[in-house]
Amino acid sequence: MSSRAYEHPADRPALVSLRKLTGFETVFKVLSGMIPERSLRLLFLSDSVRVDENQFVQLHHMLVDACEILDLERVPPFYVTQDPRPNAMCIGLDQPIIVVTTGLVQLLDEEEMRAVIGHEVGHALSGHAVYRTILLFLTSMAVRVAWIPLGNIAIMAIVSALREWFRKSELSADRAGLLVGQDLDASLRGLMKLAGGNNLHHMNVDAFLKQAEEYEAGGDVRDSVLKILTVLPRTHPFAAVRAAELNRWAKTRDYQRLCHGHYPRRDEDPQSRVTDSVKESAAHYAGAVRTSKDPLMRLVTDVASGAGEFGGKLRDFARGAGRPRPGDARTGDARTGDARTGGGTDGGTEDGDDRRDEGRSDGDRPGGAGEGRGSGS
């Protein structure tokens, strides 16, 4: 299976482009060496518990199953680290490793954890660790060039774009987790628990999804702007938004086709075209804006629609459509009958016909005696 099968339309074009860059892997392995990735590996090896056939055996079996389902050839090293905050991550470029915290292990049940492990294996298969590596590199660079006028602003603009990229990669990995677990309720419960803790008997998935709808559609333009400002510094979308996105994707035909074994193969990746992925991404964003209930998106749609109508009218005017042409006045008068032909009423037209008929004989008049003789012969 190619990772293109589950990647979000906003995530796929970037990945397709990166995979086609000559020397890409070499460059980012160098960048990875500039960031303490080796130190992290040694840290987890020395101060965490490695998941294998002897430790956290159940988690190990879930990892092997996830790798088989998503066709990941090399099973990544897997660690459980002591941290009460629920979290999971996939780090590393050449040899990614998966780490989950004790807080997450205690929070989720078996099926929910299966979806999380599938999520992280999806990151590994797609190569999403690249995002995190570039982000770390550019963030540290932004601090070093802060003294250069506008230098920090330029780099932070790139960082903001990469964060948006990274947020979309989380939506891709959520889809991978659903493909591994094939239990939508478990995936949604896991996201709900990340938002509200291990109080499942006090929570409801349907109500949680309604929260997401209210967040996406509620408020006015001011709230829309606040949403944008709130999400900009984040590397992950909000839990309720992720749940709504995953719920929508699970109802699509694409998901059903994947479950039935119809998906792109990895050996087809070199033939994948960046332009096709970009067009798909553009279509996705256009559809999202068009169907969005967000007040700002509705305003953008209304303005664009109004601009389109105005542009159409302006184009028609420039082409002469709707403007009277020379000679149209006489023919128009005869058809419609204006003040010059009797005021445009039926009575005025008939009076004109009577005056023209007065100078003709009965035989010349339509329907007169002459017409009768002619028809008789």
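What follows walks through the aromatic pairs, the salt bridges and a few other side-chain features of this predicted model.

Start with the rings. The count comes to 3 aromatic pairs. One of them is Phe 44 with Tyr 79, a stacked pair with 6.4 Å from centre to centre and 25 degrees between the planes. Phe 44 belongs to helix α3 (residues 37-47) and Tyr 79 to strand β2 (residues 78-81), so this pair ties together parts that sit 35 residues apart in sequence. Both Phe 44 and Tyr 79 are buried.

Tyr 215 and Phe 238 also pair up, this time edge-to-face, at 5.9 Å centre to centre and with 75 degrees between the planes. Tyr 215 comes from helix α10 (residues 205-217), while Phe 238 is in the loop between α11 (221-231) and α12 (239-250), so parts 23 residues apart in sequence get tied together. Tyr 215 is partly exposed, at 33% relative accessibility, and Phe 238 is partly exposed too, at 23%. The ring of Tyr 215 has a further neighbour: Lys 227 lies over its face, 4.9 Å from the ring centre.

Helix α11 also holds Val 221, which is partly exposed at 33% relative accessibility. Val 221 helps make a nonpolar surface patch of about 480 Å², together with Val 225, Leu 226, Ile 228, Leu 229 and Leu 232.

Now for the charges. The structure holds 10 salt bridges. One of them joins Arg 248 to Glu 216, with the closest N and O atoms 3.4 Å apart. Since Arg 248 is in helix α12 and Glu 216 in helix α10, the pair ties together parts 32 residues apart in sequence. Arg 248 is partly exposed at 41% relative accessibility, and Glu 216 is partly exposed at 23%.

Helix α6 takes part as well. Arg 189 bridges to Glu 112, the closest N and O atoms being 2.7 Å apart. That links distant parts of the chain, with Arg 189 in helix α9 (residues 184-196), Glu 112 in helix α6, and their positions 77 residues apart. Arg 189 and Glu 112 are both buried. Arg 114 bridges to Glu 111, at 3.6 Å between the closest N and O atoms; these two are 3 residues apart in helix α6, about one helical turn. Arg 114 is buried at 17% relative accessible area, whereas Glu 111 is partly exposed at 28%. Both belong to a salt-bridge network with Asp 65 and Glu 110.

His 123 is in helix α6 (residues 110-126) too, and is buried at 6% relative accessibility. Residues up to four places away in sequence aside, His 123 touches Cys 90, His 128, Ser 169, Glu 170 and Ala 173.

Methods:
Residues are numbered from 1 along each chain as its sequence is written. This is a predicted model: local features need pLDDT of at least 70, side-chain atom pairs count only at pLDDT 80 or more; totals for chains, interfaces and linings use all residues. Side-chain values use heavy atoms; hydrogens and water are left out. Rings of Phe, Tyr and Trp (its six-membered ring) pair if their centres lie within 6.5 Å; planes under 30 degrees apart count as stacked, over 60 as edge-to-face and the rest as tilted. Helices (H or I, at least four residues) and strands (E, at least two) are DSSP runs, numbered from the N terminus. Buried means under 20% relative accessible area, exposed over 50%, partly exposed in between (1.4 Å probe, protein chains only). A charge sits over a ring if NZ of Lys or CZ of Arg is within 6 Å of the ring centre and within 35 degrees of the ring normal. Patches are made of residues with over 30% relative accessible area and no salt bridge: like charges are joined within 9 Å, nonpolar side chains (Val, Leu, Ile, Met, Phe, Trp, Tyr) within 5 Å. Accessible areas come from the Shrake-Rupley method with a 1.4 Å probe; for residues, only the protein chains shown count as cover. A salt bridge is a side-chain nitrogen of Lys or Arg within 4 Å of a carboxyl oxygen of Asp or Glu. Contact means heavy atoms within 4.5 Å.
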